There are 2 protein chains.
Amino acid sequence: MSQVAQSTREPLSNGEAAIRAAAGALFAEKGFEAVSVRMVAEKAGVSKANVFHHFASKEGLYLAVLRSAAEKSTHLLGEVAKASGTHAEQLGRFARGHLENLLEDKHVTRLLLREALEHGSERGRELADQGVGDGFTRLVAMLTEAQRSGELRTDLNPGLVAMLMVAANVFYFEAAPVLRHLPDVGFSDDPQGYSEGVMNILLHGILNKKGNTNE
Amino acid sequence: MSQVAQSTREPLSNGEAAIRAAAGALFAEKGFEAVSVRMVAEKAGVSKANVFHHFASKEGLYLAVLRSAAEKSTHLLGEVAKASGTHAEQLGRFARGHLENLLEDKHVTRLLLREALEHGSERGRELADQGVGDGFTRLVAMLTEAQRSGELRTDLNPGLVAMLMVAANVFYFEAAPVLRHLPDVGFSDDPQGYSEGVMNILLHGILNKKGNTNE
DNA sequence: GTCTATACAGGGATAGAC
DNA sequence: GTCTATCCCTGTATAGAC
């Protein structure tokens, strides 16, 4: 609706970009309804009217933010998969990278999660869906390949395994701040250790194979 | 702030209860800010002013809703654990019951998840924390016991295992509606099958133990 | 306990000068 | 492109009759 990325210098305080950035932070932190255009304008250092000059409506602004968020997310994920090693190693890398990405851009992650939680409003549902869907499909493909090579059990639904891997990461993002206060949780500040532990469990299971039934 | 549960008959349309119920549904669906007192009043079949008669403010109403939500949730979880069988069976029951509970009261679940996602507003954070914290602690205890008996590997952090189990369920709740549209996901309408599959993976791992490297 | 009527603050959005 | 000033609506909350 207005030309962007024409002169690449001064990306931050050139109005539109500043507004988008401010809005992104606020929407991620508080949610759509809790954010007023006035707040966005203040944070961006422009006037309220100026926001409406660049974006047709508050909703349009939100969609723009969501769009760039989704793009960023999928792009980051694309970089992860290309590497060598056993499939198990590759999966581990994927998991670690995925978690890193989630944590690196908390804004984006929060925004996407929040959007996924809203069933009522159709605001940007497809965008969020597509964001996670892409990464998910890639992961499933990787798992299927690992099954075909004989490295993984073939009696498991690869979609289910993928889901478990993603679930572990997403839940870490959501719950680590909460669980930090509990005992028995030593990993809430160590995403890498967490990722390792998770992959260990997923690969080998939690059952004790040594056959001893007591100590 | 006003006496409740005094006469147990007519629980629904006695004003306060109706308001609480309506508010619970709306808050869960749309979030705090997106819900207006007028909407609540309409859905409850009372006047706007009447809502303020029963609850001091919109925030007070929200807290009341959240409180009863948390209570309900923890109570449900308490029922699950008491049963016999191997520890593995018990864990499986726990996981299945937990997921059932999440799905049974989608209102409550959504509400708690949403609250957990807000780091900014301190509205009812402790309540939500305590809700999940309780179930989590119970689960960790169960796992530790299983380790002591020799049934589970002792080189794993039980908190991490617990987290993975909860993560699987929570993520199912969050993502099943989204992932339904994807290929390779056959379980999005079958929570019980999902739960079984997850426990299978957690117990035995995903690696192929048969040693064959191709087909 | 329930209503109607109202106060008043803040929301999104537009007009028009610069 | 950016501002000030303004419009109109809806938000929360209160007053006071029934």
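## Protein–DNA contacts and helix α8(B) in a predicted model

An N or O atom in the side chain of B:H54 stands 2.8 Å from a phosphate oxygen of DNA strand C. This is a polar contact, a term used here for a pair of N or O atoms within 3.5 Å; within protein, one atom must be able to donate a hydrogen and the other to accept it, and residues adjacent in sequence count only if both atoms are side-chain atoms.

The model is predicted: local features need pLDDT of at least 70, side-chain atom pairs count only at pLDDT 80 or more, and totals for chains, interfaces and linings use all residues. Residues are numbered from 1 along each chain as its sequence is written, chains are lettered from A and ligands numbered from 1 in the order in which they are written, and side-chain values use heavy atoms, with hydrogens and water left out.

**DNA strand C.** A residue is near a strand if one of its heavy atoms lies within 4 Å of it. Strand C has 15 residues around it, of which A:V37, A:R38, A:K58, B:S47 and B:H54 come nearest. Sugar or phosphate supplies 54% of the atoms of strand C within 4 Å of the protein, and bases supply the rest. Helices are DSSP runs of H or I with at least four residues, numbered from the N terminus. At least two residues of the surface near strand C come from each of α2 (37-44) and α3 (48-54) of chain A and α3 (48-54) of chain B; α3(B) has the largest share, four residues. By residue class, this surface holds six nonpolar, six polar and three charged residues. Here Ala, Val, Leu, Ile, Met, Phe, Trp, Tyr, Cys and Pro count as nonpolar, Asp, Glu, Lys and Arg as charged, and the others, Gly among them, as polar.

**DNA strand D.** Around strand D there are 15 residues, and the closest are A:S47, A:H54, B:V37, B:K48 and B:K58. Of the strand D atoms that come within 4 Å of the protein, 53% belong to sugar and phosphate. Further polar contacts with the two strands are listed below.

| Protein atom | DNA atom | Distance |
|---|---|---|
| A:V37, polar backbone atom | Strand C, phosphate oxygen | 2.8 Å |
| B:S47, backbone N or O atom | Strand C, phosphate oxygen | 2.6 Å |
| A:H54, polar side-chain atom | Strand D, phosphate oxygen | 2.7 Å |
| B:V35, backbone N or O atom | Strand D, phosphate oxygen | 3.4 Å |
| B:K48, polar side-chain atom | Strand D, base nitrogen | 3.1 Å |

Two or more residues of the surface near strand D come from each of α3 of chain A and α2 (37-44) and α3 of chain B. The most, four residues, come from α3(A). The surface near strand D divides into six nonpolar, six polar and three charged residues.

**Helix α8(B).** The 22 residues of α8 (residues 158-179) of chain B should span 32 Å at 1.5 Å a residue, which agrees with the 29 Å between its end C-alpha atoms. The expected span is 1.5 Å times one less than the number of residues. At the start of α8(B), a side-chain oxygen of B:N157 comes within 2.8 Å of the backbone nitrogen of B:G159. Farther along, a kink of about 45 degrees lies at B:F173, shortly before the proline B:P177; the bend is the angle between axes fitted to the seven residues ending at a position and the seven starting there. In α8(B), 21 of 22 residues are buried, that is, under 20% relative accessible area, where exposed is over 50% and partly exposed lies in between (1.4 Å probe, protein chains only).

**A:D190.** In chain A, the loop between α8 (158-179) and α9 (191-204) contains A:D190. A:D190 counts as partly exposed because its relative accessibility is 37%. Its side chain reaches the backbone nitrogen of A:G193 at 3.0 Å.
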